[in-house]
Amino acid sequence: MTEGTTEGTGTVAAEAAGQPAAEAPLLRVCDLRKAFVHGGKELHVLRGVDFVVRRGEMAAIVGASGAGKSTLLHIVGTLDAPTAGRVEFDGRDVSRMDGRALAVFRNRTIGFVFQFHHLLPEFNALENVMLPAIIARRPREEARSRAERLLREVGLGERMTHRPSELSGGEQQRVAIARALVMEPRLLLADEPTGNIDSQTAAGIHELFFSLNRQHGTTMIVVTHDERLASKLPRRLEIRDGQIVRDTGAPPPLEEPPDAPGPPAAPPVPAAGD
Ligand SMILES: Nc1ncnc2c1ncn2[C@@H]1O[C@H](COP(=O)(O)OP(=O)(O)OP(=O)(O)O)[C@@H](O)[C@H]1O
Ligand SMILES: [Mg+2]
């Protein structure tokens, strides 16, 4: 094992052998809490959030403005640390990883589409999309051809050399989506991915998400106020007062791990005539 620490449940042996625990779900969020201190007061934004996401699932997170959706997504994406609780990825606690191990994990595993797209203003669309692959030291030509393909898929084949300031808000958001996908992440976290995009382009992006899920099995968690998107996603988690108040598709409980203690053995039956 070269990355981070292992505090996950029942995974130490598998991790020590360099293997993710086969029985672990892709993502497990356990009693997650987040409080911000502001103006000397504690603001409890997440108050014990629990859910499990299995490989290949697509889930919407919905809730009122200020409910804590972006906060939750940032913590799940390891961009922020929880006040308490855990985020396990493949059975490994990633919520307290830090430094280079965390940066490598995030770059290789998670694609993030932010509510505000955070493109680098001095780079053009193509360079912005290539960047995660360059950081991961992928061959430049491979990075370029992937980035070009993705930009065409989001309808920006004619805008590759434009800088963010030379793109519309919706176009910038589409560049951000292409950038999130360039590393073919196992988990895509999207925060209002089509919030400022017209309905026709938005429909194209929704389709892109579904085809990505079908073709690559990409797991997706999408925060959205867009009912057209939320209603198409197979699972909906509703957040209110810092907790999940409704989960339409909670998966059944995971099977007991093989080394879990079984029922006590029956006492030996005395042989007849003893
Ligand atoms: N760094 C911070 N310091 C203090 N309070 C914060 C901080 N970040 C977020 N908050 C507060 O936490 C609450 C949840 O914020 P969050 O951004 O998660 O909401 P949201 O559900 O994503 O809302 P929206 O739908 O408007 O994007 C808000 O009331 C916000 O004011
Ligand atoms: Mg938000």
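In strand β8, V223 is the bridge partner of D191, and this pair belongs to the parallel pairing of strand β7 (residues 187-191) with strand β8 (residues 219-223), which extends over five bridges. The structure described here is a predicted model. The two strands are part of an open sheet of six strands with mixed pairing, in which the order is β6-β7-β8-β3-β9-β10. The edges of this sheet are formed by β6 (110-113) and β10 (243-247), each of which has a single partner strand, so that one side of each is left without a neighbour in the sheet. Averaged over the sheet, and with direction ignored, neighbouring strands are turned by 20° against each other.

Elsewhere in the sheet, strand β3 (residues 58-62) runs parallel to strand β9 (residues 235-240), the two being joined by four bridges, and A59 has R235 in β9 as its bridge partner. The pairing of β9 with β10 likewise comprises four bridges but is antiparallel in sense, with E238 standing opposite R246 of β10. These two strands form a hairpin with two residues between them, and in the turn D241 adopts a positive phi of about 50°.

On the helical side, α6 lies across β6 and β7 and runs at about 175° to β6. The largest nonpolar core contains 62 residues, among which V129 and A178 touch the most other members; the largest share of this core, six residues, is contributed by α6. When residues up to four places away in sequence are not counted, V129 touches A147, L150, L151, V175, A178, R179 and V182, so the contact list of V129 includes A178, the other residue named for touching the most core members.

Helix α4 (residues 125-135) contains the buried residues A125, L126, N128, V129, M130, P132 and A133. The buried residues of this helix pack against three other helices, namely α3 (99-109), α5 (140-153) and α6 (169-181). Just after α4, a positive phi of about 60° is found at R137.

The surroundings of ligand 1 comprise 13 residues, of which F36, S65, K69, S70 and T71 come nearest. At least two residues of this shell are supplied by each of β1 (27-38), β2 (41-53) and α2 (69-76), and α2 gives the most, with three residues. In composition, the shell divides into four nonpolar residues, eight polar residues and one charged residue.

The loop between α1 (12-16) and β1 contains L26, whose contacts join several separate parts of the chain. The residues touched by L26, not counting those up to four places away in sequence, are V53, R54, R55, F89, D90, R186, L187 and T219. Between the C-alpha atoms of L26 and E57, which are 31 residues apart along the chain, the separation is 9.5 Å. L26 has 19 other C-beta atoms within 10 Å and is therefore partly exposed, given that a residue is buried if 20 or more such atoms lie within this distance.

Positive phi values also occur in two further residues that are not glycine. D31, which lies in strand β1, has a phi near 45°, and D31 is partly exposed, with 13 other C-beta atoms within 10 Å. E184, in the loop between α6 and β7, has a positive phi of about 45° although it is not a glycine, and with 14 C-beta neighbours inside 10 Å this residue likewise counts as partly exposed.

Taken over the whole chain, the model has eight helices and 10 strands. Of its 274 residues, 37% count as buried. Among contacts between residues at least 6 apart in sequence, 71% join residues at least 24 apart.

Notes: Residues numbered from 1 in each chain as written. Chains lettered and ligands numbered in written order. Predicted model: local features only at pLDDT ≥ 70, side-chain atom pairs only at ≥ 80, totals over all residues. Near = placed C-beta within 6 Å. Nonpolar A, V, L, I, M, F, W, Y, C, P; charged D, E, K, R; others polar. Buried ≥ 20, exposed ≤ 12 C-beta atoms within 10 Å, placed from the backbone. Contact = placed C-beta atoms within 7 Å. Core = buried A, V, L, I, M, F, W, Y, C linked by C-beta atoms within 7 Å. Pairing = 2+ DSSP bridges. Axes fitted to C-alpha atoms, helices over the stretch in contact; angles between N-to-C directions.
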